[in-house]
Amino acid sequence: MKNLSQAYFRLFFSLLLIASIFSCDKKEEITFTESTNEKYRPDYHFTPPFGWMNDPNGLVYQDGIYHLFYQYYPDSTVWGPMHWGHATSQDLVSWNHENIGLYPDSLGYIFSGSAVFDAENSSGLGTTENPPLVAIFTYHDMESERAGNDDYQSQGIAFSTDKGKTWTKYDGNPVLPNQGIRDFRDPKVSRITNVNGEKVWLMTLAVKDRIQFYESSDLKNWSLLSEFGQTIGAHGGVWECPDLIPMTAPNGDKKWILFVSINPGGPQKGSATQYFIGDFDGKTFTPDEEQEQWIDWGTDNYAGVTWSNLPENRTNPLFIGWMSNWQYAQVVPTESWRSAMTIPRELELFEANGRLKLKSIPVPELKALRSAPIQANDGIIPLPSQSFEFHAEISNSTDFGFEVTNEKGEKLAFSKDGDEFIIDRTQSGITDFNDDFGKKISTKMDWEAKSIRVFFDAHSAEVFINDGELTMTVISFPSIPWKNIENLHGLDKSEVFDIKNK
Ligand code: FRU
């Protein structure tokens, strides 16, 4: 069965490759049949039907539908000419594969970016009666890069007047040309009030080692407002995929949160997302403190950003990340596809030891997938499947732990030892594709831990302590499925819920 499916996918990719050689502006519709029988294919996490995926892009909500676009290369399971893949969902858990949203063109590959609902048709790309969705993305001109130029990245836009089904590139692209800076990318656009009290579009852009903010009234003409961060925060790698959102602190103050992904240079090596809490006056971002914080202390939550145009009953920002790490994303042992997204998370501000921090809470929609709980019996919880949620209260707030294990003696271990929260991947199964994968990772948690929730799926575990006050996401590749949770200590009311996507 496995050999057959491998042969099928090899044939499939060869056909796709031949097709791509003969068509430059490729627009054929692809039939999205997923190979669901692969052992690492998740149940309730989004994965591409086949081929390569990285960052989430163009996150926008419209008329009951959450759109998820993503960096996509359908012709191979490693990174290549970037497209925007497209999926839609009504509940953030079941995703439908849609036709590819954006294809590379003569200006370049389509790198990461965002999408907005242009309700007032400020761009003129729709009509007042039927305002457009507008996608703002980076063009990456590979030939220009290979020719040794520095100005190969620029920003372009595309629009849709049929609720995201089809997209047309704006014929005046690029809307923000490059000024000779090699890393000039990942525009995140939002609606803000500027210093003159006018409603305008704000573009938050990653520019090598800093953020630039641009303003526009029509999404086509952009002017530079300010820069942030050249000497602030983590700088062990290039700044990428930023986002700027307003939030309310527990004391009622309005704060602005700036997210900046960085690769490499994360706290566990490789890719990670830092954030800064501060103020934004419509022109300049001023952080409360220069020290960066991290949205997730695990190895596998990168390039995450928030949805725009959320419905009014959704009061918290909604975030999703790419559940991998550039250190090893292209060599993980999946067959016909590579990478999943994290579960969607709601964000909230909270205070720990006098410091404001971001909390990432699993979306409530996930609770609807829970089955009846299974409790520990003689210290062991038998696992119902590969997709489940572990939940426990912490009886002894300094030390606790548990392990997921299989019949080959492999295990993924979670523990808190004093102030350190640790995930141990050393014996987690297949780890030899990268020198750093099979290691212990840890972070400090110096406030009280009261509960733990861990969402497991076929190749991942997402830890939420105190419902997301501390978050750690890791992927792992056990050679046979996990069978039990055992070696529980320092925990009360441990239980497992099977999670089944309809
Ligand atoms: C982040 C990133 C972005 C870029 C995209 C290319 O993972 O490097 O900066 O737009 O991936 O696929």
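In which strand does S360 lie? In this predicted model, S360 belongs to strand β22, which runs over residues 355-362. The briefing below covers the overall fold, the surroundings of the ligand, and three individual residues: T334, S360 and D498.

**Overall architecture**

- The protein contains two helices and 34 strands.
- Its radius of gyration is 22 Å, close to the 23 Å given by the globule rule for 502 residues, so the protein is as compact as a globular protein of that length.
- The C-alpha trace extends over about 65 × 60 × 45 Å along the principal axes of the protein.
- Of the 502 residues, 61% are buried.
- When contacts between residues at least 6 apart in sequence are considered, 61% of them connect residues at least 24 apart.
- The protein exposes an accessible surface of about 19,600 Å², and carbon and sulfur atoms account for 47% of that surface.

**Ligand surroundings**

- The ligand is surrounded by N54, D55, Q71, W79, M82, F111, S112, R185, D186, E240, Y302 and W326.
- Sorted by class, this shell comprises five nonpolar, three polar and four charged residues.
- Oxygen atoms of the ligand are approached by polar side-chain atoms of several residues: Q71 at 2.6 Å, R185 at 2.7 Å and D186 at 2.6 Å.
- On its own the ligand has 320 Å² of accessible area, and the protein covers 95% of it.
- Strands β1 (51-62), β5 (109-117) and β9 (184-193) are the elements that each supply two or more residues to the shell around the ligand.

**T334: a buried loop residue**

- T334 is located in the loop that lies between β19 (318-322) and β20 (337-338).
- The relative accessibility of T334 is 7%, and the residue therefore counts as buried, the cut-off being under 20%.
- The side chain of T334 comes within reach of the backbone oxygen of W337, at a distance of 2.5 Å.
- Leaving aside residues up to four places away in sequence, T334 is in contact with E38, Y40 and F477.

**S360: a buried strand residue**

- S360, in strand β22, has a relative accessible area of 1% and is therefore buried.
- Beyond residues up to four places away in sequence, the contacts of S360 are I295, R345, E346, L347, F464, D467, G468 and T471.
- The C-alpha atoms of S360 and I181 are separated by 34 Å in space, and the two residues stand 179 positions apart in sequence.

**D498: a buried charged residue**

- D498 is part of strand β34, which spans residues 491-499.
- With a relative accessible area of 14%, D498 is buried; by class, Asp counts as charged.
- The side chains of D498 and S385 are joined by a polar contact of 2.7 Å.
- S385 is also among the residues that D498 touches, together with L369, R370, S371, P384, S387 and F388, when residues up to four places away in sequence are not counted.
- D498 and S114 are 384 residues apart in sequence, and their C-alpha atoms are 34 Å apart in space.

Key. Residues numbered from 1 in each chain as written. Predicted model: local features only at pLDDT ≥ 70, side-chain atom pairs only at ≥ 80, totals over all residues. Heavy atoms only, no water. Near = heavy atom within 4 Å. Polar contact = N/O pair within 3.5 Å; in protein donor to acceptor, adjacent residues only side chain to side chain. Areas by Shrake-Rupley, 256 points an atom, 1.4 Å probe, with all protein chains shown as cover. Helix = DSSP H or I, 4+ residues; strand = E, 2+ residues; numbered from the N terminus. Rg over C-alpha atoms; globule rule 2.2 N^0.38 Å. Buried < 20%, exposed > 50% of the residue type's maximum accessible area, 1.4 Å probe, protein only. Contact = heavy atoms within 4.5 Å.
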